[in-house]
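I opened this entry to keep track of what I looked up in the structure and in what order. The strands come before the cores in these notes.

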Amino acid sequence: MLAFSLVSRYLFTAMTAAALAVSFGCGAAANDAVSPVENPVSAANASAPLASTITFKENGPADTVKAFYTKLRENKIREAIYLTNLRPAVEGLSDDELKEFSVDFANVAKKVPPAIQITGEIVSGELATVTANLPNDDDKLEPQTIQLRKNGDYWVIQTVDPAAEELIKKEGKNYFRALKIESHQEDAKSMLERVAKAQILAAGQNEGLFADMETLIKQGFVPEDIRTSESTGYVYSLTLTEGGKNYFATATPAEYRKTGISSYILKPQEKGMPVVTGRDNGGKPLTK
């Protein structure tokens, strides 16, 4: 399925994710995908930079997969998603609304190498499987499969299972926004947990005193993107108290109900690990 880091699970968990990254091995859905209103495949392949060990049939399964990765790498996100059963999630989005997810989709596009070797195609009635050497979660190439389903004269890549497909049809253009918010909130909690671990390391190197955010970044304990909300969707703050003997850190939505809903706070405990708590605070930082 597509994930966003969506992040980016975006396309964003990892488009996302993160995220908008791509999860390349997906199961075939039982439901019919949305019918394309035009032929989005053949025009995409004239200069497609993808290698192959098989013969492509125009508008066939392998040809569709080839067009998908070409469009994705070229950042033609709407056209790429139209080749999948995620189509209802973008059909209602205006170009400006689609730009809200540009960072996540760009991260997904970067995952696609210049040349992808498509090695096989098996067609069985209305279903097909295409095999290709694709990046895994560690960006290493390995044989993976893409499932497709026939819909009229075209093949549609099955990026999500039937349950998710039904949800996407129901949610429409709100699907990606909800997924992005969920992804950013999970990432915000994880980021604060990383700050907690970083502070344990910093205190161990500084006679029990905690470090400010800039020091944690320079020491490589937390990532640089904690400085900006561009990719994270959250604004992070770290405050030292008692001369560095104590601290608290917060994560607040950069745009309430657009990049996140819940606000989070990290506080050390007298005993045990620091604790991250969160709730809807109207887009304001938590203080307790």
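**Strands, then cores**

I began with β5 and strand β6 (residues 246–253), which pair in the antiparallel sense over eight bridges. Within this pair I looked up one position and found Leu238 standing opposite Ala249 in β6. I note here that the model is a predicted one.

I then followed the sheet outward from that pair and recorded an open sheet of four strands in the order β5-β6-β7-β8, with antiparallel pairing. Because β5 (234–241) and β8 (275–280) stand at the edges with a single partner strand each, one side of each is left without a neighbour in the sheet. Direction ignored, I read an average turn of 15° between neighbouring strands of this sheet. Looking for what lies against these strands, I found α7 lying across β5, β6, β7 (262–267) and β8, and running at about 25° to β5.

Next I went to the earlier strands, where strand β1 (residues 117–124) runs antiparallel to β2 and is joined to β2 by seven bridges. Ile122 stands opposite Thr129 in β2, and the hairpin of β1 and β2 has two residues between the strands, with Gly125 taking a positive phi near 65°. β2 also pairs with β3 in the antiparallel sense, over nine bridges, and there I found Ala132 opposite Gln144 in β3. The hairpin formed by β2 and β3 has five residues between them, and Asp139 in the turn has a positive phi of about 65°.

I turned to the interior with a general expectation in mind: in soluble globular proteins, nonpolar side chains tend to be buried together. The largest nonpolar core has 35 residues, and Val65, Tyr69, Leu72, Ile146, Leu148 and Phe176 are those with the most contacts inside it. Among the elements that give two or more residues to this core are α1 (61–73), β2 (127–135), β3 (141–151) and α7 (174–205), and the largest share, six residues, comes from α1.

I picked out Leu148 and, leaving aside its neighbours within four places in sequence, listed its contacts, including Pro61, Val65, Leu127, Val130, Trp155 and Ile157. A second, separate core of 24 residues includes Leu216, Ile226, Tyr247 and Tyr264.

My last check was Phe105, whose place is in helix α5. Is Phe105 buried or exposed? I entered Phe105 as buried because its relative accessibility is 2%, against a cut-off of under 20%. The C-alpha atoms of Phe105 and Arg73 are separated by 9.9 Å, although 32 residues lie along the chain from one position to the other.

Conventions: Residues numbered from 1 in each chain as written. Predicted model: local features only at pLDDT ≥ 70, side-chain atom pairs only at ≥ 80, totals over all residues. Heavy atoms only, no water. Core = buried A, V, L, I, M, F, W, Y, C linked by side-chain atoms within 4.5 Å. Buried < 20%, exposed > 50% of the residue type's maximum accessible area, 1.4 Å probe, protein only. Contact = heavy atoms within 4.5 Å. Pairing = 2+ DSSP bridges. Axes fitted to C-alpha atoms, helices over the stretch in contact; angles between N-to-C directions.
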